[in-house]
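Here are my notebook entries from a friendly browse through one model. I kept them short and wrote them in the order I looked things up.

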Amino acid sequence: MAIEQMAMPQLGESVTEGTISKWLVSPGDQVNKYDPIAEVMTDKVNAEVPSSFTGTITELVGEEGQTLAVGEIICKIETEETETEEAPKREEEQNTPSDTDANRQGKDQSNKARYSPAVLRLAGEHGIQLEEVEGTGAGGRITRKDIQKIIDSGMQQKSEAPAPAAVQTTQQAPKQQQKQAPKQQQKQAPKQQQKQAPAPALSAGDIEIPVTGVRKAIAANMHKSKTEIPHAWTMMEVDVTNMTAYRNSIKDSFKQKEGFNLTFFAFFVKAAAQALKEFPQMNSMWAGDKIVQKKDINISIAVATEDSLFVPVIKHADEKTIKGIAREITDLAKKVRNGKLTAEDMQGGTFTVNNTGSFGSVQSMGIINHPQAAILQVESIVKRPVVMNNGMIAVRDMVNLCLSLDHRVLDGLVCGRFLGRVKEILENIDEHTSVY
């Protein structure tokens with residue numbers, strides 16, 4: 001018998017922690033490998049975590065509602081080691097001195113990158129980078145003893161124990177520590193002040209609300225976007241009178257035929273996707289020493305719940321009809337509100353369209369969804385008196401489109417032309433436009 005430890009998995013790109021929203025097992029339960037054992041919530045997705053082993057649950061380390069970092073232990077499982085599992089271990093542990101000597105001399109490293117399941121599991125549990133471990137097995141293969149030696153020494157990985165540039169005497173060390181201490185304290189103090197903002201004073205009736213893992217992740221992403229990306233902003237008003245009349249005239253028959261709503265937002269997403277195809281610079285990302293212009297047009301849309309914000313993605317939006325986009329908007333929104341959104345649903349976005357008009361906003365400055373280069377805010381459609389080309393005043397359905405852009409990637413000229421093209425597409429939608 002052996003006690004195996006299950007760690008918090010990484011459930012998406014850039015995910016660093018997860019919150020256990022619900023345990024699906026209890027101590028004493030029998031589980032098979034890949035059986036779901038818990039529901040975990042991150043800033044990107046709600047997902048079921050499968051068991052990595054077959055055995056009996058002995059302890060639930062993490063509690064429901066607790067947020068744990070990726071790699072931290074969430075539960076323990078008692079497993080029965082089989083002969084097939086022990087055979088590779090015995091093979092690894094029976095190394096001759098000549099094998100070790102040969103590896104150290106660099107004569108044979110042919111098995112350096114061949115890892116057994118036991119080695120992979122042990123290294124993963126302790127955050128050890130296998131590429132930096134010197135294997136003592138045949139052909140440079142890394143054994144359990146090699147990993148255990150690093151664990152016993154208290155080292156996470158080789159790179160965390162840098163060799164000193166020169167040998168220091170016991171008399172020199174205290175002097176250097178004394179000289180370095182004030183400098184280190186001076187450097188560290190501002191960082192600590194930045195990380196730990198002073199807590200506001202509480203008065204009678206004030207309520208303290210704990211910051212959840214999702215809210216922490218949203219805060220971190222927004223802070224990263226605003227501090228790294230030089231935001232610029234522009235706005236254009238659009239006359240969508242004909243589009244509004246057309247949509248209103250077919251919405252009931254569309255709902256009866258298709259089973260889901262034809263929203264105004266679907267028309268805006270389609271227009272943005274079409275314009276992105278004509279202005280591919282807008283579909284780009286900043287990558288330090290280069291700009292990456294993405295081939296696929298994947299539109300991120302913001303979907304809010306009572307206390308969180310999720311940004312699922314409509315893949316290949318330029319290839320979809322208005323009906324197809326409307327269906328995806330409906331399906332993704334349902335997944336968010338039912339907690340069924342997957343990591344795949346959240347990945348690959350290249351440009352964001354946000355429906356801020358859904359709660360009455362008429363003008364806003366969106367924060368760019370890092371690492372994208374722009375976000376388009378679609379505001380409320382409102383009736384306003386407008387001076388027409390013939391000089392007459394008419395009541396028209398008007399909407400503001402607000403574009404935030406990364407000024408490292410995009411300039412005003414291309415953004416103005418892009419926004420003008422979106423305006424042109426929307427103003428030409430009428431009863432002759434097909435939604436199919």
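Which residues make a nonpolar surface patch of about 300 Å²? I looked this up in the model, which is a predicted one. The patch is made by Trp233, Met235 and Met365.

Next I wanted to place Met365. I found Met365 in the loop that runs between strand S16 (351-354) and strand S17 (374-378). Its relative accessible area is 62%, so I noted Met365 as exposed, the cut-off being over 50%.

Then I turned to the cysteines. How many disulfides does the count come to? I got zero, taking a disulfide as a pair of cysteine sulfur atoms within 2.5 Å. I also checked the cover on two cysteines. Cys75 has 0% relative accessibility and counts as buried. Cys415 is buried as well, with a relative accessible area of 1%.

Cys415 led me to helix H11, since it is among the buried residues there. I noted that H11 covers residues 412-427, 16 residues in total. From first C-alpha to last, H11 reaches 22 Å, close to the 22 Å expected at 1.5 Å a residue.

Which residues of H11 are buried? My list reads Val414, Cys415, Phe418, Leu419, Val422, Ile425 and Leu426. Why do I say that they line one face of the helix? Seen down the axis of H11, the buried residues fall within an arc of 130°, so one face is what they line.

Last entry: I looked at the other side of H11, and there Leu413 and Arg417 are exposed.

Notes: Residues numbered from 1 in each chain as written. Predicted model: local features only at pLDDT ≥ 70, side-chain atom pairs only at ≥ 80, totals over all residues. Heavy atoms only, no water. Patch = residues over 30% accessible without salt bridge, like charges linked within 9 Å, V, L, I, M, F, W, Y side chains within 5 Å. Areas by Shrake-Rupley, 256 points an atom, 1.4 Å probe, with all protein chains shown as cover. Salt bridge = Lys/Arg side-chain N within 4 Å of Asp/Glu carboxyl O. Helix = DSSP H or I, 4+ residues; strand = E, 2+ residues; numbered from the N terminus. Buried < 20%, exposed > 50% of the residue type's maximum accessible area, 1.4 Å probe, protein only. Expected span 1.5 Å × (residues − 1). Arc of directions from axis to C-beta.
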